[in-house]
Amino acid sequence: MSPQQSSSQTLPIEATALRRVCAHFATGVTVITTGEPGNSEAATVNSFTSVSLDPPLVLFCLHRQSRLRPVIQESGGFVVNFLARSQEPLAWAFAGRESAVVENVAHHRSEHGLPILSEALAFLSCRLIEEYDGGDHTILLGEVVELGAPSQDEDPLIFYRGAMRVLEDELSGAPAA
Ligand SMILES: Cc1cc2nc3c(=O)[nH]c(=O)nc-3n(C[C@H](O)[C@H](O)[C@H](O)COP(=O)(O)O)c2cc1C
């Protein structure tokens, strides 16, 4: 394809196009949980990224009006729960303003009292280290203080082009040396 042909396929930089193009990036699905018993909140998030091994840092992006932000600030941390394929209903339940109630979902508490979804594939419990401006979102950086992968043999839940999906076959190629 010539450079001219490929440039004719570019889209205007506006929110709908950005959302549509970014939807081509397949991700896992997490639910971020936070708060003490009686004041717990959760939201479905796919902007999770691991950042550093030493020190152990991760981040996710949260829209500015999220009800989670003050609860994370007050409790000083959050838990990243990686969802299993069987947890699709939970992913949608925590994806709206009128979201499900953490107390009604199977969970236990981290050493710091934060909710961990008991049926998640794996979890990272984090201390909030820093918040950075990210336009209409805030980038929250956390230091991992507790972690586990109790259901690691289950398949993960995948989000791609606006739909929840499951993994198909593993590719057989070995990583390049
Ligand atoms: C698959 C998926 C991924 C999402 N990822 C994010 C995200 O990374 N950051 C975010 O702020 N909201 C994300 N959302 C939307 C939040 O789940 C939703 O705004 C939130 O639960 C609503 O409550 P809140 O507005 O009080 O935060 C995502 C929703 C879905 C379905």
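**Strand partners and a bound ligand**

Val58 has Gly142 in β10 as its bridge partner. Strands here are DSSP runs of E with at least two residues, numbered from the N terminus, and two of them count as paired if DSSP finds at least two bridges between them. The model is predicted, with local features requiring pLDDT of at least 70 and side-chain atom pairs pLDDT 80 or more, while totals for chains, interfaces and linings use all residues. Residues are numbered from 1 along each chain as its sequence is written, and side-chain values use heavy atoms, leaving out hydrogens and water.

**Exercise 1. Follow the pairing of β5 with β4 and with β10, and describe the loop between β4 and β5.**

Step 1. Start with β4, which covers residues 49-52 and pairs with β5 in the antiparallel sense over three bridges. Within this pairing, Ser52 has Leu57 of β5 as its bridge partner.

Step 2. Continue to the connection, where a hairpin leads from β4 to β5 through four residues. Pro55 belongs to this loop between β4 and β5, and the peptide bond that joins Asp54 to Pro55 is cis, with omega at about 5°.

Step 3. Turn then to β10, residues 137-148, with which β5 forms an antiparallel pairing over seven bridges. The pair Val58 and Gly142, given at the start, is a bridge between β5 and β10.

**Exercise 2. Work out the strand order of the open sheet that contains β11, and locate the non-glycine residue with a positive phi.**

Step 1. Take β1 (residues 27-28), which is joined by two bridges to the antiparallel strand β11 (residues 157-160). Gly28 has Ile158 of β11 as its bridge partner.

Step 2. Add β12, residues 163-166, which pairs with β11 in the antiparallel sense over four bridges. Tyr160 is partnered by Ala163 of β12, and Leu157 by Val166 of β12.

Step 3. Assemble these pairings into an open sheet of three strands, in the order β1-β11-β12, with antiparallel pairing. Its edge strands are β1 and β12, each of which pairs on one side only.

Step 4. Look into the loop between β11 and β12, where Arg161 is found. Arg161 is not a glycine, yet its phi is positive, at about 50°; the hairpin that holds Arg161 has two residues between its strands.

**Exercise 3. Describe the surroundings of the ligand, from its nearest residues to its polar contacts and its cover.**

Step 1. List the neighbours, that is, residues with a heavy atom within 4 Å of the ligand. There are 17 residues around the ligand, and those that come nearest are Thr44, Ser47, His63, Ser66 and Arg67.

Step 2. Examine the polar contacts, which are pairs of N or O atoms within 3.5 Å. On the backbone side, a polar atom of Asn46 is 3.1 Å from a nitrogen atom of the ligand, and a polar backbone atom of Cys61 is 2.8 Å from a ligand nitrogen atom. His63 instead uses a polar side-chain atom, which lies 2.7 Å from an oxygen atom of the ligand.

Step 3. Relate the shell to the strands: β3 (41-45) and β5 (57-63) are the elements that give two or more residues to the shell around the ligand.

Step 4. Consider the cover, using accessible areas from the Shrake-Rupley method with a 1.4 Å probe. On its own the ligand has 620 Å² of accessible area, of which the protein covers 87%.

Terms used. Near = heavy atom within 4 Å. Polar contact = N/O pair within 3.5 Å; in protein donor to acceptor, adjacent residues only side chain to side chain.
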